[in-house]
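These are my notebook entries from an afternoon spent with one structure. I wrote down each thing I looked up, in the order in which I turned to it.

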Amino acid sequence: MIKDSFDYILPSPIGHLGLSISSKGIQCLFYIKTKQDLRIPTTGFAAKVHQQIMEYFELQRTEFDLPVDIQGTVYQNRVWKEVAKISYGQSLTYGDIAKAINSGPRAVGNACRHNPIPIIIPCHRVVKKDAIGGYCGSIVGREIQQKDWLLRHEIDTPVTSESFI
């Protein structure tokens, strides 16, 4: 995604988040890798999204109550629906999700990689059976640091204020 494709750019402890919305709901929540000017919503649905995301980061919200308007294949939607059931502070393996929908772990990982609204659909809660696993299409680097931060954040483990911007 490029800068101008986002309706809003929000701050977060793990870097700026690009947000796109429609009249039906959230379409995209994307981690922005470069420093960009914030575009904070002040009215309407976008302000509600911003508020709930900030409450999540401030440990005041454990689930989101927001409509979504995402596009995916039938299979991706099955995976995302199953991932959305994972409770705050919990995690499941790719194999657990695969078993629940009668699929394979790699296919689940691929669907997670294409999740257009991470955090809202909490793919960070899906891990490998013996390691943290990938996140947002990466298996090393910044994205894995963000996944680790989110997992530790949810179990109320003190996390560093490391800058992701």
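The entries below go from the sheet to the cysteines, then to the pocket, and last to a few single residues.

**Entry 1: the sheet**

Before anything else I noted that I am working with a predicted model. I began with the strands, and I found that three of them form an open sheet in the order β1-β2-β3, with antiparallel pairing. I then asked myself which strands stand at the edges. They are β1, residues 8-10, and β3, residues 26-31; each has a single partner strand, so one side of each is left without a neighbour in the sheet. From one strand to the next, I recorded an average twist of 25 degrees.

Next I went through the pairings one at a time. Strand β1 is joined by three bridges to β2, which covers residues 17-21, and the two run antiparallel. As an example of a bridge I picked out Leu 10, whose partner in β2 is Leu 17. I also looked at what packs on this sheet, and it is helix α1, residues 44-57, which touches β1, β2 and β3 and whose direction makes about 145 degrees with that of β2.

For the other pairing, I noted that β2 and β3 are linked in the antiparallel sense over five bridges. Here Ile 21 stands opposite Ile 26 in β3. These two strands form a hairpin with four residues between them, and in the turn I marked Gly 25, which has a positive phi of about 160 degrees.

**Entry 2: the cysteines**

How many disulfides does the structure hold? I found zero. I looked at Cys 112, which is in no disulfide, and saw that the nearest cysteine sulfur belongs to Cys 123 and is 3.5 Å away. A disulfide needs the two sulfur atoms to be within 2.5 Å, so a pair must come within that limit to be counted. Cys 123 is likewise in no disulfide, and for this residue the nearest cysteine sulfur is that of Cys 112.

I then asked whether Cys 112 is buried or exposed. Its relative accessibility is 10%, so I entered Cys 112 as buried. Cys 123 is buried too, with a relative accessible area of 4%.

**Entry 3: the largest pocket**

I turned to the largest pocket, for which I wrote down a volume of about 690 Å³. It is lined by 32 residues, and the closest to its centre are Arg 113, Gly 134, Tyr 135, Cys 136 and Gly 137. I wanted to know which elements give two or more residues to this lining. They are β3, α3 (residues 94-100), α4 (residues 105-113) and α5 (residues 142-154). The largest share, six residues, comes from α4.

**Entry 4: two residues with positive phi**

I kept in mind that most residues other than glycine have a negative phi. With that as background I looked up Leu 59, which is not a glycine and yet has a positive phi of about 60 degrees. Leu 59 is in the loop between α1 and α2, and its relative accessible area of 43% makes it partly exposed. Asn 102 also has a positive phi, near 55 degrees. I placed Asn 102 in the loop between α3 and α4, where it is exposed, with a relative accessible area of 74%.

**Entry 5: three buried residues**

Gln 52 is found in helix α1, and I noted it as buried at a relative accessible area of 4%. Not counting residues up to four places away in sequence, Gln 52 touches Arg 61, Phe 64, Asp 65 and Leu 66.

His 16 lies in the loop between β1 and β2, and with a relative accessibility of 7% it counts as buried. I also looked up how far His 16 is from Leu 38, which is 22 residues apart from it along the chain, and their C-alpha atoms are separated by 7.8 Å.

My last residue was Ile 121, in the loop between α4 and β5, which is buried with a relative accessible area of 8%. What is Ile 121 in contact with, leaving aside its neighbours within four places in sequence? I listed Ile 70, Trp 80, Val 83, Ala 84 and Asn 115. As for Ala 47, which is 74 residues apart from Ile 121 along the chain, I noted a C-alpha separation of 19 Å.

Conventions
Residues are numbered from 1 along each chain as its sequence is written. This is a predicted model: local features need pLDDT of at least 70, side-chain atom pairs count only at pLDDT 80 or more; totals for chains, interfaces and linings use all residues. Side-chain values use heavy atoms; hydrogens and water are left out. Two strands pair if DSSP finds at least two bridges between them. Axes are lines fitted to C-alpha atoms, for helices over the stretch in contact, and angles run from 0 to 180 degrees between N-to-C directions. Contact means heavy atoms within 4.5 Å. Buried means under 20% relative accessible area, exposed over 50%, partly exposed in between (1.4 Å probe, protein chains only). On a 1 Å grid over the protein atoms alone, a cavity is a set of points where a 1.4 Å probe fits but cannot get out, and a pocket is an open set with protein on both sides within 12 Å along at least five of seven lines; lining residues have an atom within 4 Å of a point. Grid points are joined across faces, edges and corners, and a volume is the space filled by probe spheres set on the points.
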